[in-house]
Amino acid sequence: MYGTAWITEVTRWRDILLDCESDVRKEIADLKHEKELTEAEIEYLNLSFTVVSECLTQRDKRGGSDLCRDPAEEELKRELTVLESLKKMLTDKCQTAWEQTNRLEEIKFQLEQDLSDKAETLNIDHYNLGLDENCANTSYKPHPLRVPKQTLSHDSWLEHCKFLQQRTAHELATSQKLRESMFVPRERARNDLQAQNDATNFALRKRIYETQRIKNELEWQRINVSSLQIRVFNQSIKVLLP
């Protein structure tokens, strides 16, 4: 009777830990996927960072009085700051996800090892349950009641099973919260970057418009001055001619 009850208890905990191991496998896959999406977002930010840096480099090549600080430059530098901040935030999230994945992998290994032990235990107990005095190759053994070293008590075994279950539940909950905390900042980062990018583009378009307007005015003044100079020159010639 005791053997049957023990097999039932081991089987119950095996099934519980099997579910835990399955949940851990799924969570590892989900967390890795979320990490990959975040890394892709970081790559996008790196590309934007390169573009903004190139814009600032090109604007430094302006000459004369045009080499000045203007709203367009301020917006570009502000966008650069936003990009650096977003990159750091998402990079930290990826690092945390990597560490959490390692913890989940460690738990998965412990669960697999424990499940393997329980499978072996069930095989042995099922075999023992079928033994009787008529079985072949049975004989008296010396010290049959001895307790092998490193043998756990039933209470210790039960505590170990509960510990694995509780730790798995804790790490799964932590991982799920982490995935949620990665999704929200990623969306917010894209929105913040888009808003800053719109502000930068507006400042650049405004600067281009102002520069073109001033250029046109200077060109018009140059033409007027040239025409005036020609008229003055012609009048001077007429005065000098007899």
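## Fold

Helices here are DSSP runs of at least four residues, and strands are runs of at least two. By that count, the protein has three helices and zero strands. The model is predicted. From the N terminus on, the order of elements is α-α-α. Helix H1 spans 2–59, helix H2 spans 71–129 and helix H3 spans 154–240.

Contacts reach far along the chain. Take the contacts between residues at least 6 apart in sequence: 92% of them join residues at least 24 apart.

## Surface and burial

The protein has 242 residues, and 26% of them count as buried. The exposed area is about 17300 Å². Carbon and sulfur atoms supply 57% of that area.

## The largest pocket

Rolling a probe the size of a water molecule over the atoms shows where empty space is left. The largest pocket has a volume of about 630 Å³. Its lining is made of 20 residues. Closest to the pocket centre are Trp 6, Asp 117, Lys 118, Thr 121 and Trp 157.

Helices H1, H2 and H3 each supply at least two residues of this lining. H2 gives the largest share, with ten residues. By chemical class, the lining of the largest pocket holds eight nonpolar, seven polar and five charged residues.

## Cysteines

A disulfide is a covalent bond between the sulfur atoms of two cysteines. How many disulfides does the structure hold? The number is zero.

Two cysteines can be placed by their accessibility. Cys 20 has a relative accessible area of 11%. The cut-off for buried is under 20%, so Cys 20 is buried. Cys 94 is at 8% relative accessibility, and therefore counts as buried by that cut-off.

## Ala 203 and the start of H2

Ala 203 lies in helix H3. Is Ala 203 buried or exposed? Its relative accessible area is 8%. That value is under 20%, so Ala 203 is buried.

Which residues does Ala 203 touch, leaving aside its neighbours within four places in sequence? They are Pro 71, Ala 72 and Glu 75. Helix H2 runs over 71–129, so these three contacts of Ala 203 in H3 fall within H2. Pro 71 and Ala 203 are 132 residues apart along the chain. Their C-alpha atoms are separated by 6.2 Å.

Terms used: Residues are numbered from 1 along each chain as its sequence is written. This is a predicted model: local features need pLDDT of at least 70, side-chain atom pairs count only at pLDDT 80 or more; totals for chains, interfaces and linings use all residues. Side-chain values use heavy atoms; hydrogens and water are left out. Buried means under 20% relative accessible area, exposed over 50%, partly exposed in between (1.4 Å probe, protein chains only). Contact means heavy atoms within 4.5 Å. Accessible areas come from the Shrake-Rupley method with a 1.4 Å probe; for residues, only the protein chains shown count as cover. On a 1 Å grid over the protein atoms alone, a cavity is a set of points where a 1.4 Å probe fits but cannot get out, and a pocket is an open set with protein on both sides within 12 Å along at least five of seven lines; lining residues have an atom within 4 Å of a point. Grid points are joined across faces, edges and corners, and a volume is the space filled by probe spheres set on the points. Ala, Val, Leu, Ile, Met, Phe, Trp, Tyr, Cys and Pro count as nonpolar, Asp, Glu, Lys and Arg as charged, and the others, Gly among them, as polar. A disulfide is a pair of cysteine sulfur atoms within 2.5 Å.
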